[in-house]
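Trainee: I am new to this structure and would like a close look at a single part of it. Could you pick one residue and walk me through its surroundings, then move on to the helices?

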Amino acid sequence: MSDIGIIIVSHSKNIAQGAMDLISEVAKDVAISYVGGREDGGIGTSFDQVQEIVDVNPKDVLFAFYDLGSAGMNIEMVAEFSDKEILLMKLPIIEASYTAAALIQAGVDKEAIIQQLKELEIKK
């Protein structure tokens, strides 16, 4: 089994749960932890919640997918304090997390996954 896991951080509980629902169809053996929204049920993200999903994920290498800027900032801050290798993926949250999970499930190595995910990059 792969040494790579996934974290998903969304401002919305429904987006995070929906991503997880999709991914679980193709990647039952991939370690995925996720959070959506604030603890009070509102829209947003928090450092503490991101820290928790990083800590509970058993893998030492994590692809991190997020929906909006402050979610990415919280992941970056958590990464500074973590011993895990956290790769912040600036890609569409649903398509990229689904693709990464399917590739991890198939046993593809980290560098090959990164190369394939580059195809999903949004160029402005």
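Mentor: Let's start with His 11, which touches Gly 37, Gly 42, Ile 43, Gly 44, Thr 45, Asp 67, Leu 68, Ser 70 and Ala 71, leaving aside residues up to four places away in sequence. Keep in mind that this is a predicted model. Along the chain, His 11 sits in the loop between strand E1 (4-10) and helix H1 (13-24). Is His 11 buried or exposed? Its relative accessibility is 11%, and because buried means under 20%, His 11 counts as buried. One of its neighbours deserves a second glance: the side chains of His 11 and Ser 70 make a polar contact at 2.7 Å.

Ser 70 leads us on to helix H3 (residues 69-81), which packs with helix H2 (residues 47-56) at an angle of about 55°, the axes being 9 Å apart. That angle makes H2 oblique to H3, and their crossing is right-handed. H2 brings Phe 47, Val 50, Gln 51 and Val 54 to the contact, while H3 brings Asn 74, Ile 75, Met 77, Val 78 and Phe 81. Sorted by class, these are seven nonpolar and two polar residues, with no charged ones.

Now back to H1, the helix on the other side of the His 11 loop. H1 packs with helix H4 (residues 93-105) at about 35°, with axes 10 Å apart, and passes H4 in a right-handed crossing. Here Ile 15, Ala 19, Leu 22 and Ile 23 of H1 meet Ile 94, Ser 97, Tyr 98 and Ala 101 of H4. This contact has seven nonpolar residues, one polar and no charged.

Methods:
Residues are numbered from 1 along each chain as its sequence is written. This is a predicted model: local features need pLDDT of at least 70, side-chain atom pairs count only at pLDDT 80 or more; totals for chains, interfaces and linings use all residues. Side-chain values use heavy atoms; hydrogens and water are left out. Axes are lines fitted to C-alpha atoms, for helices over the stretch in contact, and angles run from 0 to 180 degrees between N-to-C directions. Helices (H or I, at least four residues) and strands (E, at least two) are DSSP runs, numbered from the N terminus. Angles under 35 degrees count as roughly parallel, over 145 as roughly antiparallel, 65 to 115 as roughly perpendicular and the rest as oblique. A crossing is left-handed if the near helix is turned anticlockwise from the far one by less than a right angle, and right-handed if clockwise. Contact means heavy atoms within 4.5 Å. Ala, Val, Leu, Ile, Met, Phe, Trp, Tyr, Cys and Pro count as nonpolar, Asp, Glu, Lys and Arg as charged, and the others, Gly among them, as polar. Buried means under 20% relative accessible area, exposed over 50%, partly exposed in between (1.4 Å probe, protein chains only). A polar contact is a pair of N or O atoms within 3.5 Å; within protein, one must be able to donate a hydrogen and the other to accept it, and residues adjacent in sequence count only if both atoms are side-chain atoms.
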